[in-house]
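Visitor: I'd like a close look at a single part of this model: the place where the two domains meet, plus whatever sits behind it. Could you walk me through it?

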Amino acid sequence: MSETKPRVLVVEDEPQIRRFVCDAVRRDGCTFSEAGTARQGLDEAAGGKIDLVILDLGLPDMNGIEFIRDLRTWSHVPILILSARTAEQDKVAALDAGADDYLSKPFGVGELLARVRALIRRHGQSGEARPHHRFGDVVVDLSRRVVSRNGVEIHLTQIEYRLLAVMLANSGKVMTHRHLMQEVWGPGHADQGHYLRVYVGRLRQKLETDPAQPQHFLTETGVGYRFQS
């Protein structure tokens, strides 16, 4: 019985570099998918099992950091950054957003493939991606950032969407006020819990059948909140 080959998704807007990377991973024993935009890349990642994403930060339709954050709301697949940006703050931002490794352009094919093999090996037991969630009459497609209720799309602000994504990723777990503030607003807002109360209230208004008696966005008195599907 033949062993399943690892599948690599290459998200790169420059066709020559994309072909070079795809050909390199193919010759190293992987299969591949490719995308020239962030939107195409997220669709590819949601459409099938991916073992590694190779990502360029300079995409035409979305900042690479935003791509990482979006993907991380529903997938733990390892991400290797390939970028001409060599400044330390760019590397730190990408790694803080959820990337696993960073390789600056220009790069050697030997080093690229070594890092690819290491990431696939290290993350071989990662859980399956879950881009779609359903609770009550609400459907959330995290890969496309679409939230609908009874078939009608619901508009969420950026903060509301980020809070929803974090709560979905921790379904069933009690999340403290501080943890949610750090995940959604960042470390500098960890003690400003009044923001959190306001935005949980907005999610209840938009997504609960009866916001006064929520069934999904639950308060854990004195501690924080819990999402219950």
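How much area is buried between domain 1 and domain 2, and what share of it do carbon and sulfur atoms give?

Guide: About 750 Å² is buried between domain 1 and domain 2, and carbon and sulfur atoms give 45% of it; buried area here is the accessible area (1.4 Å probe) that two parts lose on being put together, summed over both. Before we zoom in: this is a predicted model, where local features need pLDDT of at least 70 and side-chain atom pairs count only at pLDDT 80 or more, while totals for chains, interfaces and linings use all residues. Numbering runs from 1 along each chain as its sequence is written, and side-chain values use heavy atoms, with hydrogens and water left out.

Domain 1 covers 7–125 and domain 2 covers 132–227, with bounds that come from an automatic or database domain assignment. Their centres, taken over C-alpha atoms, are 29 Å apart. Where they touch, nine residues of domain 1 are in contact (heavy atoms within 4.5 Å) with eight residues of domain 2.

Between the two domains the count is two salt bridges, each a side-chain nitrogen of Lys or Arg within 4 Å of a carboxyl oxygen of Asp or Glu. Asp70 and Arg145 meet in a salt bridge through their side chains, at 2.5 Å from N to O. On the domain 1 side, the elements that give two or more residues to the touching face are α2 (38–47) and α3; helices (H or I, at least four residues) and strands (E, at least two) are DSSP runs, numbered from the N terminus. The largest share, four residues, comes from α2. By class, that face has three nonpolar, one polar and five charged residues. In this scheme Ala, Val, Leu, Ile, Met, Phe, Trp, Tyr, Cys and Pro are nonpolar, Asp, Glu, Lys and Arg charged, and the others, Gly among them, polar.

Now step back into α3 (64–72). Seven of its nine residues are buried, so α3 is largely enclosed by the rest of the structure; buried means under 20% relative accessible area, exposed over 50%, and partly exposed in between (1.4 Å probe, protein chains only). Asp70 is one of the buried ones, and Phe67 is another. The buried residues of α3 pack against β1 (7–11), α2, β3, β4 (79–83) and α4 (88–97). At the start of α3, a side-chain oxygen of Asn63 comes within 2.7 Å of the backbone nitrogen of Ile65.

Just ahead of that helix, Met62 sits in the loop between β3 (52–56) and α3. Met62 is buried, at 18% relative accessible area. Setting aside neighbours within four places in sequence, Met62 contacts Ala38, Leu42, Leu57, Phe67 and Asp70. So the salt-bridging Asp70 is also a contact of Met62.

A bit further back, Asp56 belongs to strand β3 and is buried at 5% relative accessibility. A polar atom of the Asp56 side chain lies 3.5 Å from the backbone nitrogen of Gly58. Beyond four places in sequence, Asp56 contacts Val11, Glu12, Asp13, Leu82, Ser83 and Lys105.

One last stop, in β8 (residues 146–149): Ser148. Ser148 is buried, with a relative accessible area of 16%. Not counting residues up to four places away, Ser148 touches Asp137, Val138, Val139, Glu153 and Ile154.

Key: A polar contact is a pair of N or O atoms within 3.5 Å; within protein, one must be able to donate a hydrogen and the other to accept it, and residues adjacent in sequence count only if both atoms are side-chain atoms.
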